[in-house]
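This report looks at unusual backbone geometry and at the strand pairing around it. The sequence and the structure are shown first.

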Amino acid sequence: MNGRFFIIALHEGGRVREETWRLVSFARRCGVADPVMMVLSDEGAIEQLADELAHRTGLDVAGLAGSHLREYSAEAYIRTLVPFFRDAPEEAHIVTAHTSRGIDFAPQLSAGIDACCITAVEDVGQGTFIRSVHHGRFRAEVRADRPRVVLTVLPEAFAPDDVAPGNPGKVRIVPAGDISLSTCSRGARAPVHANMGLTRAEVIVSAGRGLGSGENIRLVTMLSSLFPKSALGATRAVCDQGWLDYSHQIGSTGNTVSPRLYLACGISGAIQHLAGMRDSGMIVAVNTDPCAAIFRVAHYGIVEDLTTFIPLLVDRYLRGE
Amino acid sequence: MKILVCIKEVYDSPETLVFDESAGRVTFGPHTVFRMNRYDEYALEEALRIRERLSSAVVDAISVGSPRVSRIIRRALEMGANHGIHVQTPGETCLSAFERAHLIASAARGRGYDLVLAGVMAEDDMESQVGPLLAAVLEYGCATGVIFEEISADGGRVAVEREVEGGSRECLTLALPCVLTIQSGINTPRYPALSHVLRARSSELECIEASGLAAPPPTQGLVRILPPAQGRQGEVIEGAAVEKADKLIRILREHSLLPR
């Protein structure tokens, strides 16, 4: 990669978020050994965050500080970052994590500095970037046609790399002024649908849209009753349909689970869902579509229609086969 | 209050896509069925609910694409939108979010929209960019992944909750005009009422040729479509359905996941 390479670290509660260390791996994958780490916060918190970055990565850090950055908002980030990068060398890659915040500010940042924006990047080609499309069935190789490129990178596609090779990097704190914002942040609310039953379960039988109807939820209920310490999971789509309530949702905006067994029934395997269950001990997927992305994370795959296969499976088990 | 809802046409199921690996291309197979992007349905429904709360509101629906796209715009009218705008491109389109956002911005500019809603992403290319890029071009504020919204009594501000990792919510208030990208599950999209279906049948869509709208050169190009990454080399359990069931039971027992 030519030009400068910047990693914008996201943070919460005074600590750098774990995805950040994965972005360092991404930089190495791009052949960049010395990206500049960046972090944005208010004067009270910036030094601690910048020091954490400098110590854990050994890389140089630019900390942008201003009272408008006390709480996250896309507007605060954009109005700080756009002037910063307008003054930086034109050829630059600016990278952040593909999380709810990264994707909130990255496109607007790109528009402000006439950059190309590529989201959910999961691999690198020959000067190109690769991302999943069409429900994870294919990947698109994308070429940037601007000298400045803003990327949001899928954290789970890269391993964390936070072992500092030697001395901590240099820290530079840059005052970003105190910008008056039209957005007013009002803090955060705890998850409405956290489900301890799901996080404790040894076996999760999980329902996807492939189940076909809300009535067929009884099939996954029946299947899960075979397992002691089991719980019912679901994709977001199933909860949106009202087939199960949101406390069952597994994925990036729902529960994150890692049971001993994850039995995915009629789940296509969208990246948002995989983010919540890919660390499960054993993944078994049942789906009618042999090309479904779920089969590429599954230990065992079965191509069958659930409406006939689940009753058959339960029957064979109860007969002692 | 004037509300614009951005809607996109997507295929109903990715199973009807045809992949030509040597050409690095995906095309729509002959049995492809098209419909409105589900996330955009939630955005449209939210706009209609705002109109029900604020009696003077007007809801326009806009989409960019081939002549076929007019069908989902008509669907938006059937659901209750007041007016449909079609930014028409010749033939099948493969536009980036950047190009779509600029075309929509060109069509929307000067029409005085107070609020622009879009789905949080498109189901097909999952870029999550049209909404925020449109906001940047129009110089509107923006919040993404919105799961709750409430417009102030004076119509000057909107309080929103964004859904973030693990189902937590970030609460913020934005000044209007602004763009909100709507997360699924915020509401339950309605089925068209007969009266709206009849009205939609006689409504004219406003058709704008994309070639006549100002848009900067694209920021990116699609090099090619690749097969998916290899992933885990899992075992596909083969055989008749009964054999598959028995084999799965055996595997689960061997791993002490099912009682004997």
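## A buried serine with positive phi

In this predicted model, B:Ser128 is buried, because its relative accessible area is 14%, which falls under the 20% cut-off for burial. The residue is not a glycine, yet its phi is positive, near 55°. B:Ser128 belongs to the loop of chain B that runs between β8 (115-119) and α4 (130-138).

Most residues other than glycine have a negative phi, and most peptide bonds are trans. Chain B also departs from the second of these tendencies, with a cis peptide bond that joins B:Leu176 and B:Pro177 at an omega of about 0°. B:Pro177 is placed in the loop between β11 (169-175) and β12 (178-182) of chain B.

## The hairpin of chain A

A positive phi of about 50° is also found at A:His134, again in a residue that is not a glycine. A:His134 sits in the loop between β8 (129-133) and β9 (138-144) of chain A, and this hairpin has 4 residues between its strands. With a relative accessibility of 13%, A:His134 counts as buried.

The two strands of the hairpin, β8(A) and β9(A), pair in the antiparallel sense over 5 bridges, and within this pairing A:Arg131 stands opposite A:Ala140 of β9(A).

## Pairing across the chains

β9(A) also pairs with strand β14 (residues 220-226) of chain B, in the antiparallel sense and over 6 bridges, with A:Val142 standing opposite B:Leu222 in β14(B). β9(A) is mostly covered, in that 5 of its 7 residues are buried.

Conventions. Residues are numbered from 1 along each chain as its sequence is written. Chains are lettered from A and ligands numbered from 1 in the order in which they are written. This is a predicted model: local features need pLDDT of at least 70, side-chain atom pairs count only at pLDDT 80 or more; totals for chains, interfaces and linings use all residues. Side-chain values use heavy atoms; hydrogens and water are left out. Buried means under 20% relative accessible area, exposed over 50%, partly exposed in between (1.4 Å probe, protein chains only). Two strands pair if DSSP finds at least two bridges between them.
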